[in-house]
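Please look through the following model with its sequence at hand, since the explanation moves from the interior to the surface.

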Amino acid sequence: IHARAGSACAFALTVLLVGLFAGVRWGGLAGITSSASLAMMPRLFGHAHLASLETIMGLFWTVAVLGTIQLWTRRNTSESDPAADEPSNGSAPREPPGDKTAIVCGLLIGLALLTKMQAILLPPLILVWGLWHWRWRAMRPLLIALLFSAVVFVTCWPWLWLDLPGHLAEYFGRTTGRVSLNVWYFGKSFADVDVPWHYPWVMTLLTLPAGVLIFAVAGLRRAGRSILFDPAISLTFGSVIAPLILFSLPGVAVYDGARLFLVAFPGIALLAGFGASAIRD
């Protein structure tokens, strides 16, 4: 009972966090729509009431993604040049964050890594995102953040202390050294490593409420080229497609419906909120 209550509270916090972020960025309607969209996603709602670790992973994934966006794009008070502040057109600030901000980002990523395996996508995702928007000026804060996330991961998991190389290999090897599960998909039974590449995309589209999907498509249409140039939109979009691309790769085990890539759904809810604001305008 207590585990289920904790999972439900984590889901509620994720809904609140997504709504607050969208509301601050794109207005009240976007915030309400994002929260409602996330709360009404059947797969997320169901797992939140089953004491599922995926719900906890979703919370820490969302905290890491939205925290990184907020910290990297906030007003840079350490710079005396007003031009270094966050621009009003949604593009990236001219300067990347300082060392303290990078350490906080590393802490958020490290906490996500301590939660579940899906968080291994966050370091490469944020690395590509940072280099895209800030080029080589982002290298120092990115290295600090990624190094500190590794320190948090190792320091806060005593099991790793006993045999760091061996236990790391054992932990990451669990994805390959495990019993194969069968997946029933379009009337056929597949081994989990032989599922067609489009499985995560189809499962995501078919398990979303139609209204949420319409709003999310409207958000993508409104975003247009800002997906490339607005840090908030680009990392939100990246947090959606990165898990789907990973589980589309040949040989990657995919099973149990949408459970493995539920971390993509908070980003979809944010895009839905952005789309609702676009439709209103």
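What follows is a walk through a predicted model, taken residue by residue.

A sensible place to begin is the interior. The largest nonpolar core holds 72 residues, and within this core Met 41, Phe 261 and Phe 265 are the members that touch the most others. Helix α4, which spans residues 53-73, supplies the largest share of this core, namely eight residues. For Phe 261, the surroundings can be given in detail: once neighbours within four places in sequence are left aside, Phe 261 is in contact with Tyr 199, Pro 200, Met 203 and Thr 204, and also with Pro 243, Leu 244, Phe 247 and Val 254.

Helix α13, made of residues 231-246, offers two further positions to examine, of which one is Ser 234 and another is Val 240. Ser 234 has a relative accessible area of 11%, and because buried residues are those under 20%, Ser 234 counts as buried. The side chain of Ser 234 is joined to that of His 133 by a polar contact of 2.7 Å. His 133 also appears among the residues that Ser 234 touches beyond four places in sequence, together with Trp 129 and Ile 227.

Val 240 is likewise a residue of helix α13, and its relative accessible area of 8% places Val 240 among the buried residues. Apart from neighbours within four places in sequence, the contacts of Val 240 are with Ala 264, Gly 267, Ile 268 and Leu 271. A separation in the chain can also be set beside one in space: Val 240 and Ser 189 lie 51 residues apart in sequence, while their C-alpha atoms are 27 Å apart.

Another buried position is His 47, which belongs to helix α3 (residues 42-48) and has a relative accessible area of 17%. Which residues does His 47 touch, not counting those up to four places away in sequence? They are Ser 7, Ser 52 and Thr 55, along with Arg 259 and Leu 262.

The last stop is at the surface. Leu 13, Leu 16 and Leu 20 make a nonpolar surface patch of about 290 Å². Of these, Leu 13 is part of helix α1, which covers residues 2-26. Why does Leu 13 count as partly exposed? Its relative accessibility is 47%, and partly exposed residues are those that fall between the buried class, under 20%, and the exposed class, over 50%.

Methods. Residues are numbered from 1 along each chain as its sequence is written. This is a predicted model: local features need pLDDT of at least 70, side-chain atom pairs count only at pLDDT 80 or more; totals for chains, interfaces and linings use all residues. Side-chain values use heavy atoms; hydrogens and water are left out. Patches are made of residues with over 30% relative accessible area and no salt bridge: like charges are joined within 9 Å, nonpolar side chains (Val, Leu, Ile, Met, Phe, Trp, Tyr) within 5 Å. Accessible areas come from the Shrake-Rupley method with a 1.4 Å probe; for residues, only the protein chains shown count as cover. A salt bridge is a side-chain nitrogen of Lys or Arg within 4 Å of a carboxyl oxygen of Asp or Glu. Helices (H or I, at least four residues) and strands (E, at least two) are DSSP runs, numbered from the N terminus. Buried means under 20% relative accessible area, exposed over 50%, partly exposed in between (1.4 Å probe, protein chains only). A polar contact is a pair of N or O atoms within 3.5 Å; within protein, one must be able to donate a hydrogen and the other to accept it, and residues adjacent in sequence count only if both atoms are side-chain atoms. Contact means heavy atoms within 4.5 Å. A nonpolar core is a set of buried Ala, Val, Leu, Ile, Met, Phe, Trp, Tyr and Cys residues joined through side-chain atoms within 4.5 Å.
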